[in-house]
Amino acid sequence: MVKKFKDLVRSKTFADLNIVLFDTILSRGINFVLFLLIARTLGPERYGLYSLITVSILFLVSFFDFGVENVAVRFSGKYQNERESIFGIYFLCKTIIAITLYVLIVLFPEILPKLLNKPQIQRYLFIIFIGFIIESYRFILSSYYQSLEKFIVRALINIGTFLFRLTAIFSLLQLSITDVKTISLFFALSGLPAVFLFIRKYFSFFRTLISLKIDRPIIIEILDYGKWIILAALPIQLMMRLDFYMVTRFSSFEEMGFYNSAVQLISFFSYIPYALAIVFLPKTSKYTDFIKIKLFVKRIVKICIPITILILVLIPFSEYIILFMLGEKYLKSIPIFKILIFAFLSRLWNINFGIVFYSLGKVKILTLGAYVQLILFVSCSFIFAQRFGIEGIAWSKVIANAAYLWIVVYFLFKTLRHTYSKEITN
C-alpha cells in the first residue's frame with residue numbers, strides 16, 4: 001500500500017494534477033477575491049447588472065464552443081502527429097462562430113434584451129461581444145497546452161489573465177470608479193495580454209489550415225464523434241448558466257445579485273471537478289482495456305466521497321459564511337446558497353463519471369442525460385418560479401442535476417458490465 005502511494009506521488013499524473021489544482025485554486029481564488037470586492041462595492045442591484053454582463057461573456061464562450069474543445073483535446077491525444085491540424089480546424093471554427101455572432105448582433109440587437117426581459121442590456125452588447133472574442137481565443141490556447149499536457153504553460157496563461165483582471169478592476173475601485181460599464185469593459189479586456197503574447201501560435205494554426213493534411217478515416221472518426229459531442233454540448237452548456245437567465249427573466253436586478261452571489265460562493269469549489277477533468281481527459285482517452293477503466297472509476301469514487309462529505313458540512317454554517325463574506329446586504333442569498341450546494345454535488349459526480357464515456361467514445365449516453373436534464377430544468381423552472389421565485393429556480397436545478405446523475409450512474413455500470421463480459425468472452 002505504501003509502495004503504491006509512493007509510486008502515485010512520483011507519477012506524472014500526480015504532478016500534472018498538482019499543477020492544475022494550483023492553477024485552478026489560484027485562478028478561482030483571485031476570481032473569488034474580485035467577486036467579493038465588486039459585490040461589496042456595488043451592492044446587490046448593481047452587482048446584478050454586472051453579473052448579467054460578465055456571465056453573458058463567459059456563457060457565450062462556453063456555449064458557442066459547442067464542445068469542440070473536447071474533440072480537439074481527445075483526438076490530439078489519440079493522433080498526436082495531427083495535433084496542429086486539429087487545432088487549426090478548431091481555430092477556424094472559433095473564427096467562423098465569432099463572425100456569425102457579430103453579424104447577428106448587428107442585424108438583431110434587440111433579440112437578447114427581449115429574451116431576458118431586460119432592455120438595459122442592449123447598451124452593453126458591444127462589451128459582451130469584445131469579451132467573447134478575447135476569451136474564445138484565449139480558450140484555444142488553454143486547450144492546446146492541455147492537449148500537450150503542458151499544464152504549467154496553461155497555468156501561466158490562466159493565472160496571468162485572472163491576475164491582470166483583478167489588478168485592473170482593483171485600480172479602478174481605488175480611483176473611486178464604480179461605473180458598471182467601465183468595470184465590465186476591463187473584465188472583457190483582461191485576456192488580451194495572453195492573446196498578444198501567444199499571437200504567433202495563432203498564425204501557426206492558420207498556416208496549418210492552408211496546408212491541411214489529415215487522413216480521411218481520421219476526419220470521418222472526428223466528425224462522427226464530434227456530432228454527438230455538439231449535440232451533448234448544447235444542453236450541457238445551456239445548463240451551466242440557464243438558471244441565471246431564468247432568474248434574469250423572472251426577477252429584478254437585485255434578486256439577480258442575490259442569486260449570482262450564492263453561485264459565486266459555491267463556484268469557488270468548482271475547481272475540484274474541473275481540475276480532475278482537465279487532467280484525466282487526455283489520459284483516459286488512451287485507455288483501451290477494462291482494467292484501467294475500472295481502476296479509474298474506483299479512483300473517482302475514492303476522491304469524490306470525502307469531497308462530498310466536506311461540502312455537506314458547510315450547510316449549517318451558511319449564514320455565517322454569507323455574513324462574513326458579503327455582509328448583511330446579501331442575507332437573502334442564504335437559502336439559495338444552501339439549495340445550490342446540492343446541485344453542485346450532483347455536478348461533481350456527473351463531470352467525473354462522464355470522463356469514462358468521453359474516453360470510451362460513448363457520448364450518446366451523455367447526450368441523452370443532458371437533454372433530460374435540460375427539459376426537466378426548464379419545465380420545473382416555469383412551474384416553480386411563479387410560486388417560489390428564485391428559490392424555485394434553484395430547486396429546479398437540483399432536480400435536473402440529480403436526474404442527470406441517475407442516468408449517468410445507471411449507464412456507467414451497465415457499460416462496465418458489458419465491457420467486462422466482452423473482454424472475458426475474447
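What follows is a walk through the fold, the aromatic pairs, a pocket and a few individual residues of this protein.

The model is a predicted one, and it is helical: the protein has 18 helices and zero strands. Of its 426 residues, buried ones make up 53%. Contacts reach a long way along the chain, too. Taking those between residues at least 6 apart in sequence, 83% join residues that are at least 24 apart.

As for confidence, the mean pLDDT of the protein is 81, with 86% of residues at 70 or more. Helix α8 (residues 180-189) comes out highest, with a mean of 93, while helix α1 (residues 2-10) is lowest, with a mean of 47. Over residues 1-9 the pLDDT stays under 50, and for this stretch the model has two contacts beyond four places in sequence.

Aromatic rings turn up together a good deal here, with 24 aromatic pairs in the structure. One of them joins Phe244 and Tyr245: the ring centres are 5.9 Å apart and the planes sit at 70 degrees, so this pair is edge-to-face. Both Phe244 and Tyr245 are buried. Another pair is made by Phe384 and Phe388, whose ring centres are 6.2 Å apart with the planes at 65 degrees, so it is edge-to-face as well. Phe384 and Phe388 are separated by about one helical turn, because they lie four residues apart in helix α17 (residues 363-388). With a relative accessibility of 23%, Phe384 counts as partly exposed. Phe388 is partly exposed too, its relative accessible area being 47%.

Phe244 and Tyr245 also belong to a wider group. Together with Phe59, Phe63, Phe64, Tyr102, Phe129 and Phe132, they form one aromatic cluster. Charged side chains meet aromatic rings as well. Arg165 lies over the face of Phe187, 4.0 Å from the ring centre. Lys118 does likewise with Phe253, at 5.8 Å from the centre of that ring.

Next comes the second largest pocket, which holds about 620 Å³ of space. It is lined by 23 residues, and those closest to its centre are Phe59, Leu60, Ile111, Leu112 and Leu115. Helices α2 (12-63), α4 (83-107), α5 (111-116), α6 (125-147) and α11 (216-250) each give two or more residues to the lining. Phe59 therefore has two roles in this picture, as a member of the aromatic cluster and as one of the residues closest to the pocket centre.

Two buried residues show how distant parts of the chain come together. What does Ser27 touch, leaving aside its neighbours within four places in sequence? The residues in contact with Ser27 are Asn158, Ile159 and Phe162. Ser27 itself is in helix α2, where it is buried with a relative accessible area of 5%. From Ser27 to Ile159 there are 132 residues along the chain, yet their C-alpha atoms are separated by 5.2 Å.

Met246 tells a similar kind of story from helix α11. It is buried, with a relative accessible area of 8%. Beyond its neighbours within four places in sequence, Met246 is in contact with Phe377, Val378, Ser381, Phe382 and Ile393. Met246 and Ile390 are 144 residues apart in sequence, and the C-alpha to C-alpha distance between them is 8.6 Å.

Lastly, there is a backbone detail to look at. Most residues other than glycine have a negative phi. Ser176 has a positive one, near 65 degrees. This serine is in the loop between α7 (151-174) and α8, and with 60% relative accessibility it counts as exposed.

Key. Residues numbered from 1 in each chain as written. Predicted model: local features only at pLDDT ≥ 70, side-chain atom pairs only at ≥ 80, totals over all residues. Heavy atoms only, no water. Phe/Tyr/Trp six-rings, centres within 6.5 Å; stacked < 30°, edge-to-face > 60°. Buried < 20%, exposed > 50% of the residue type's maximum accessible area, 1.4 Å probe, protein only. Lys NZ or Arg CZ within 6 Å of the ring centre and 35° of its normal. pLDDT = per-residue confidence, 0-100. Contact = heavy atoms within 4.5 Å. 1 Å grid on protein atoms, 1.4 Å probe; cavity = no way out; pocket = protein on both sides within 12 Å on 5 of 7 lines; lining within 4 Å. Points joined across faces, edges and corners; volume = space filled by probe spheres on them.
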